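Biologist: I am new to this model and would like to learn how to read it. Could you walk me through it?

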Amino acid sequence: MDQKPHYQLFIDGEFIDGAQGQTMSSENPATGTHWATFACAAPDDVDRAISAARRALNDPTWRDMTQTQRGKLLYRLAELIEEHAEQIGRIETTDSGKLLAETAAQSAYVGDYYRYYAGLADKIEGAVLPIDKPDMHAFTQREPIGVVVAIVPWNAQMFLTATKLGPALAAGCAVVLKASEIAPAPLLEFARLIEEAGFPPGVVSVLTGDAENCAIPLTRHPDVDRIAFTGGPETARHVVRNSAENFAVTSLELGGKSPMVVFDDADLDGAANGLIAGNFGASGQSCVAGSRGLVHRPVFEKIISLIETKMEGVTVGDPLAPDTQIGPLCTSAQIQKIEVALNAAHSGGARIRFGGSRLDRAGNYMAPTLVECPNADIETLKVEMFGPVMSLIPFDTEEEAIAIANETPYGLGAGVFTQNVARAHRVSGRLKAGICWVNTYRAVSPIAPFGGFNQSGYGREAGIDVVYDYTRTKTTWINTSDAAMANPFTMR
């Protein structure tokens, strides 16, 4: 019998098991079998990783490295990611159940994120200030914010790591990366590429483990300067409370309940494809899933018919198989949550047009499901499903569509499908969401900021400005006069 792979923590340039010897098993969602084990961090491991990061910040090897040299290391990391994209993709698919077609392609594409921030590394500039005082020269410069804790969920690990690690390293920070204890293998494997790229020991460490022994000590640690978190709102509340202990600057990228608004003048075939992409892409396991479909009443039945037809030939199966379009969910708990929501939706008057139950096979498979909702109070329109469940509700007017779309505590993504350019601008401008796609959905780029409003979090990831979030501004004043400083009791 083949021996299961075992993944170690990466701390201060070394691959090690945890200080307390704790390990966990990882389940393959496609088969329901345990396929690997991984080491879990203990509080002592957290201390060691944070201490290594602080030392690296003060070590001339990293501290005095030019910004251009940092950029070259990031370029090298990008190349290595692209070279190993297939391997990392297979590990992620086995560990999380995501389609290999998506994990391999996403792993390769995140190389562009590191390349983008590599290019920005030597463009982090200060300024000479046109100061209003004679005989004074004042200027600003950007310095690394310090030790960064980056917490990443399992559902888009390589992407959500790149949006944090790329700008942090470009700015000269040291990073402790915390992988989810659910499916952490890809990031523990990714640590090998960090080592191979040539980053000095301690600049990046990769941990995983439970809340008590790893996440809480990390986010409360007095030597942490910034926390970049992606995950659920409830966990985020704990992170914010913990950050009160160290006053770490915190950014949150949380969940969503994103609306997709389809008007009767839209290209209906494209709109149907958009709804399918927004709900069944990645098996619905996406923070920007467009799980509230708002459809103009005159085309409501037509859209449902198009979706039903398109979904008839969809293959649900082995995520490693090239013809599979929808794979398993990462955990069985997700299916249980969906079943509860579907039962509540049915009791509230919703109609299940197709799907609605788990599939009778090994693994965590849920049938793609379409819920027809008579009103906005249906449960599947309110809770984040994180599975292949699409809920559609009709609307009659543009104003009504905007009101329904904005009736949510979240505000991450939104979609608008219309061929009326004026309407596209008008409606997208009024939707309360940090990202709005028009006649497309789930497009991302290192050039475009990503983040939400309200309970979808605060702060942005990706884009040119985010690198400054990993810096502090220092202002320096120089007295250029030959005269000695005068009266010490007056402010100059």
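Biologist: Let me start with one residue: in which strand does Val 149 lie?

Modeller: Val 149 lies in strand β8. Before going on, a word on the ground rules: this is a predicted model, in which local features need pLDDT of at least 70 and side-chain atom pairs count only at pLDDT 80 or more, while totals for chains, interfaces and linings use all residues. Residues are numbered from 1 along each chain as its sequence is written, and side-chain values use heavy atoms, with hydrogens and water left out.

Biologist: How are strands and helices defined here?

Modeller: They are DSSP runs numbered from the N terminus: helices are H or I runs of at least four residues, and strands are E runs of at least two. In this structure, the protein chain has 14 helices and 21 strands. The radius of gyration, taken over C-alpha atoms, is compared with a globule rule of 2.2 Å times the number of residues to the power 0.38. For this chain the radius is 24 Å, close to the 23 Å that the rule gives for 492 residues, so the chain is as compact as a globular protein of that length. Its C-alpha atoms fill a box of roughly 80 × 65 × 40 Å along the principal axes.

Biologist: Back to Val 149: is this residue buried or exposed?

Modeller: The general idea is a scale of relative accessible area: buried means under 20%, exposed over 50%, and partly exposed in between, using a 1.4 Å probe and protein chains only. Val 149 has 0% relative accessibility, so this residue counts as buried. Across the chain, buried residues make up 55% of the 492 residues.

Biologist: Which residues does Val 149 touch?

Modeller: A contact means heavy atoms within 4.5 Å. Leaving aside neighbours within four places in sequence, Val 149 is in contact with Ile 50, Val 176, Leu 218, Val 224, Arg 226, Ile 227 and Ala 228. Distance along the chain is another thing to look at: Val 149 and Ala 49 are 100 residues apart in sequence and 10 Å apart in space, C-alpha to C-alpha. For the chain, among contacts with a separation of 6 or more, 72% join residues 24 or more positions apart.

Biologist: Leu 218 was in that list. Which residues of helix α8 are buried?

Modeller: Helix α8 covers residues 211–220, and its buried residues are Asn 213, Cys 214, Ala 215, Pro 217, Leu 218 and Thr 219. They pack against α1 (43–58), β8 (147–152), β9 (174–179), β10 (204–208), β11 (226–230) and α9 (233–243).

Biologist: What happens at the start of α8?

Modeller: Here we need the polar contact: a pair of N or O atoms within 3.5 Å, where within protein one must be able to donate a hydrogen and the other to accept it, and residues adjacent in sequence count only if both atoms are side-chain atoms. At the start of α8, a side-chain oxygen of Asp 210 comes within 3.5 Å of the backbone nitrogen of Glu 212.

Biologist: Where should I look for another polar contact, this time with Ser 107?

Modeller: Look at the backbone oxygen of Thr 103, which the side chain of Ser 107 reaches at 2.8 Å. Ser 107 lies in helix α5 (residues 100–120). An α-helix has 3.6 residues a turn, so residues three or four places apart point the same way. Ser 107 is buried, with a relative accessible area of 1%. Not counting residues up to four places away, Ser 107 touches Ile 81, Ala 85, Ile 88, Gly 89, Glu 92 and Met 158.

Biologist: And backbone angles: what is phi in Ser 283?

Modeller: Most residues other than glycine have a negative phi. Ser 283, although not a glycine, has a positive phi of about 55°. Ser 283 sits in the loop between α10 (268–280) and β14 (292–296), and with 4% relative accessibility counts as buried. Asn 439 also has a positive phi, near 60°. This residue is in the loop between β19 (435–438) and β20 (457–458), and is partly exposed at 43% relative accessible area.

Biologist: Where is an exposed residue I could find?

Modeller: Try Asp 482, which counts as exposed at 85% relative accessibility. Asp 482 lies in the segment after β21 (471–479). The C-alpha atoms of Asp 482 and Asp 135 are separated by 9.0 Å, with their positions 347 residues apart along the chain.
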